[in-house]
Amino acid sequence: TNLEYISNTLHISKSSLKRRLKDEGFKFREILDDVRKELAKKYFETESLSIQEVTYRLGYKETSPFFRAFKRWYECTPTQFLKRF
């Protein structure tokens, strides 16, 4: 998982990472969601990547969960977002 990867990179346990984030008022899932949101927009606006490539780069295994998240973030689908450009 992403949490496991990050904790291993920082050389701390998953539980320690969760606890430290909680102590600072954060949740790993919320941070991950915020980063994915900003990266999705950046990829579509500046790098002209396909929906499938953005899905993969953001760590989604399938496009349907990415579409649901994107619609929650921007109130439109990635396809609708791309039509703006």
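The legends below accompany close-up views of a predicted model.

**View 1. The largest nonpolar core and the helices that supply it.**
The largest nonpolar core holds 15 residues, and among these Ala40, Phe44, Val54, Leu58, Phe66, Phe70 and Trp73 touch the most other members. Helices H3, H4 and H5, the last of which spans residues 63-74, each supply at least two residues of this core, and the largest share, 5 residues, comes from H5. In soluble globular proteins, nonpolar side chains tend to be buried together. Apart from this core lies another one, made of 6 residues, including Leu3, Leu17, Leu21 and Leu32.

**View 2. Leu58 and its contacts in the core.**
Leu58 is one of the core residues that touch the most other members. When its neighbours within four places in sequence are left aside, Leu58 is in contact with Arg36, Leu39, Ala40, Tyr43 and Phe66. Two of these partners, Ala40 and Phe66, are also named among the core residues that touch the most other members.

**View 3. Thr55 in helix H4.**
Thr55 belongs to helix H4, which runs through residues 51-57. Thr55 counts as buried because its relative accessible area is 3%, and the limit for a buried residue is under 20%. Leaving aside the neighbours within four places in sequence, Thr55 is in contact with Tyr60, Glu62, Thr63 and Phe66.

**View 4. Asp33 and its polar contact with Arg72.**
Asp33 is part of helix H3, which covers residues 28-46, and its side chain makes a polar contact of 2.9 Å with the side chain of Arg72. Beyond the neighbours within four places in sequence, Asp33 is in contact with Arg72 and Trp73. Trp73 is also a member of the largest nonpolar core.

**View 5. His11 and Ser48, two loop residues with positive phi.**
His11 is found in the loop between H1 and helix H2, the latter being residues 14-23, and its phi is near 60°, a positive value in a residue other than glycine. Because its relative accessibility is 74%, and exposed means over 50%, His11 counts as exposed. Ser48 lies in the loop between H3 and H4, where it has a positive phi of about 50° although it is not a glycine. Ser48 also counts as exposed, at 67% relative accessibility.

**View 6. A nonpolar patch on the surface.**
Tyr5, Ile6 and Leu10 together make a nonpolar surface patch of about 320 Å². Of these residues, Leu10 has its place in helix H1, which spans residues 2-10.

Technical notes. Residues are numbered from 1 along each chain as its sequence is written. This is a predicted model: local features need pLDDT of at least 70, side-chain atom pairs count only at pLDDT 80 or more; totals for chains, interfaces and linings use all residues. Side-chain values use heavy atoms; hydrogens and water are left out. Helices (H or I, at least four residues) and strands (E, at least two) are DSSP runs, numbered from the N terminus. Buried means under 20% relative accessible area, exposed over 50%, partly exposed in between (1.4 Å probe, protein chains only). Contact means heavy atoms within 4.5 Å. Patches are made of residues with over 30% relative accessible area and no salt bridge: like charges are joined within 9 Å, nonpolar side chains (Val, Leu, Ile, Met, Phe, Trp, Tyr) within 5 Å. Accessible areas come from the Shrake-Rupley method with a 1.4 Å probe; for residues, only the protein chains shown count as cover. A salt bridge is a side-chain nitrogen of Lys or Arg within 4 Å of a carboxyl oxygen of Asp or Glu. A polar contact is a pair of N or O atoms within 3.5 Å; within protein, one must be able to donate a hydrogen and the other to accept it, and residues adjacent in sequence count only if both atoms are side-chain atoms. A nonpolar core is a set of buried Ala, Val, Leu, Ile, Met, Phe, Trp, Tyr and Cys residues joined through side-chain atoms within 4.5 Å.
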